[in-house]
Amino acid sequence: MAKMWMRTSMIMGIIMFVYQMVQPLGLTTIRPFILRYCSRYIQKFIACTNPYIEISIDECTGDHFRLSGVYVAIQAYLRPKTRELARRMKAQFGTNKKLILNMADYEEIVDEFEGIKIWWYVGKTVSQRPVASDFEHRHSSLQFHRQHCEIIMSSYMYHIIKEGEAILRENRQRKLYSNNRTSWNRLVFDHPVKFEHIAMDPVKKKEIIDDLISFSNGKEYYEEIGKAWKRGYLLYGPPGTGKSSMVAAMANLLNYDIYDLELTAVKDNSDLRILMHETSKKSIIVMEDIDCCLNITKKRNDSVSKKGKEVADSIESRVTLSGILNVIDGLWSASSGERIIVFTTNHIENIDPALIRKGRMDKHIEMSYCCFEGFKVLAKNYLKLDSHELFETIENLISQEQITPADVAEHLIPKTMNNDPEHCLENLIQALEKRKEDRNSTANQQEEPNAEDKSEIANPQEVEEKTD
Ligand SMILES: Nc1ncnc2c1ncn2[C@@H]1O[C@H](COP(=O)(O)OP(=O)(O)OP(=O)(O)O)[C@@H](O)[C@H]1O
């Protein structure tokens, strides 16, 4: 170190000496060169002696001054630390008036990674735009000791970007898209339903959650097996069993957007292709009541449901089964990023098997009538009850009657302020008992004509009289 200082001061001395010699000669033309040479040397000298490295990440990217995704991710990563460590912050209000705090200009905080200290700092730059006026933008700079360069470059930088992106994804305002003929309209997706609210067999529910999570974390796996990163789910079951709620819960679990594709609004296969290619990654594309859509059911003319017939009469969609198959397979192969396609139907028997074969619809999920486990979920959601003495009666009745979770939920919602949980449970018991009575009386009615028939046959005299 001492040697270096000696050598540097010698060189500085020589430079000063040369400069002093040159100055009185008035050699104005070579003076700037000498000065530039000196300042370059000084900069090199500082770089050699300073053991710290600085990297700047600019707020803007490219010639068009677009906001850099990496910069945004870094800001998101630093945000929790900023709240904790910074003395000066800048406040912004995001969607839903959510308060966002970032580091103020020229503020500095310290981060730590694997025992290494990293100093973060926000600076400002003024850039000259080719057309418009000069414009001021920010950069985030990190400083660290030269000896940690390898770890910072190979691990830390990737770590902060990944973490930042995960934070952004979590806080992102999700979107619900609905289509017209060839374009999507966007709304904020704000459905609060989560898997814990869905009434269904808990084993089946866990299986679905595991499947979704392993899909969303499966980038490497899908690459390894050479398959597009896509998954299809078929949700089938009677109305009111929670198919739409399940789609919303899926989107909330994975933090995906929803594209609610109304096939009856799409004129033909080529418009369908345009719509599908406009969907973004990390999304769920839903086609509800797929059996009701035009031209794609198994035996359209004789078995299409009532709703399907009404739709068929009212619009002129020429989307065909092969159009849908092509567009799904095309999307599967041509676009990058994870996507889920969900078909829902009340009549699985009406759907062409080609549309729901494994590989297109990988998982078939039956949404069925409410079981006792499902009821317990609803009782917890609506009445905040984990147990009650009336549960046993309900368990007994619900195992015999077919009642949808939507119907159970309707009985459990308190109708007036005075409705206590017990009253709601009694309402449900009454409803279940009424169903039981109705079922028994229908069964009796069906049996009665048979009894008459038998008695008629049992009395041959009467039969003879009748035939006469
Ligand atoms: N399995 C369930 N778990 C919790 N709530 C449910 C469930 N099924 C239905 N519900 C309640 O009933 C309402 C209607 O359910 P949903 O629209 O999800 O049923 P669906 O099967 O999609 O019906 P449809 O076939 O008529 O579209 C929901 O808003 C929810 O409150």
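This passage describes a predicted model of a chain with a bound ligand, from its overall make-up to single residues.

Residues are numbered from 1 along each chain as its sequence is written. Because the model is predicted, local features need pLDDT of at least 70, side-chain atom pairs count only at pLDDT 80 or more, and totals for chains, interfaces and linings use all residues.

The pLDDT is the predictor's confidence in each residue, from 0 to 100. Its mean over the chain is 83, and 80% of the residues reach 70 or more. Over residues 299-305 the pLDDT is below 50, yet this stretch has eleven contacts in the model beyond near neighbours in sequence. Two residues are in contact if their C-beta atoms, placed from the backbone, lie within 7 Å. Residues 454-468 also stay under 50 in pLDDT. For them the model has three contacts beyond four places in sequence. For the complex, the predictor gives an ipTM of 0.97 and a pTM of 0.70.

The chain holds 17 helices and 15 strands. Helices (H or I, at least four residues) and strands (E, at least two) are DSSP runs, numbered from the N terminus. Of the 468 residues in the chain, 24% are buried. A residue is buried if 20 or more other C-beta atoms lie within 10 Å of its own, exposed if 12 or fewer, and partly exposed in between; C-beta atoms are placed from the backbone. Contacts between residues at least 6 apart in sequence were also sorted by separation, and 70% of them join residues at least 24 apart.

The ligand has 16 residues around it. A residue is near a molecule if its C-beta atom, placed from the backbone, lies within 6 Å of it. Pro239, Gly242, Ser245, Pro405 and Ala406 come nearest. Helices α7 (243-254) and α15 are the elements that give two or more residues to this shell. By class, the shell has eight nonpolar, seven polar and one charged residues. Here Ala, Val, Leu, Ile, Met, Phe, Trp, Tyr, Cys and Pro count as nonpolar, Asp, Glu, Lys and Arg as charged, and the others, Gly among them, as polar. Domain 2 (175-366) and domain 3 (372-457) both contribute residues to the shell, so the ligand lies between them. The domain bounds come from an automatic or database domain assignment.

Helix α13 covers residues 372-383. The expected span of a helix is 1.5 Å times one less than its number of residues. For the twelve residues of α13 this gives 16 Å, which agrees with the 15 Å between its end C-alpha atoms. Gly374, Phe375, Val377, Leu378 and Ala379 are buried in α13. Their cover includes α14 (391-398) and α15 (405-412).

Lys384 comes just after α13, in the loop between α13 and α14. It is not a glycine, yet its phi is positive, at about 60 degrees. Lys384 is exposed, with 8 other C-beta atoms within 10 Å. Lys282 is not a glycine either, and has a positive phi of about 55 degrees. Lys282 sits in the loop between α8 (269-277) and β13 (283-287). With 17 C-beta neighbours inside 10 Å, Lys282 is partly exposed.

Ile109 lies in strand β6 (residues 108-113). Ile109 is partly exposed, with 17 other C-beta atoms within 10 Å. Beyond four places in sequence, Ile109 touches Lys81, Thr82, Leu85, Ala86, Met103 and Trp120. Ile109 and Glu84 are 25 residues apart in sequence, and their C-alpha atoms are 9.5 Å apart in space.
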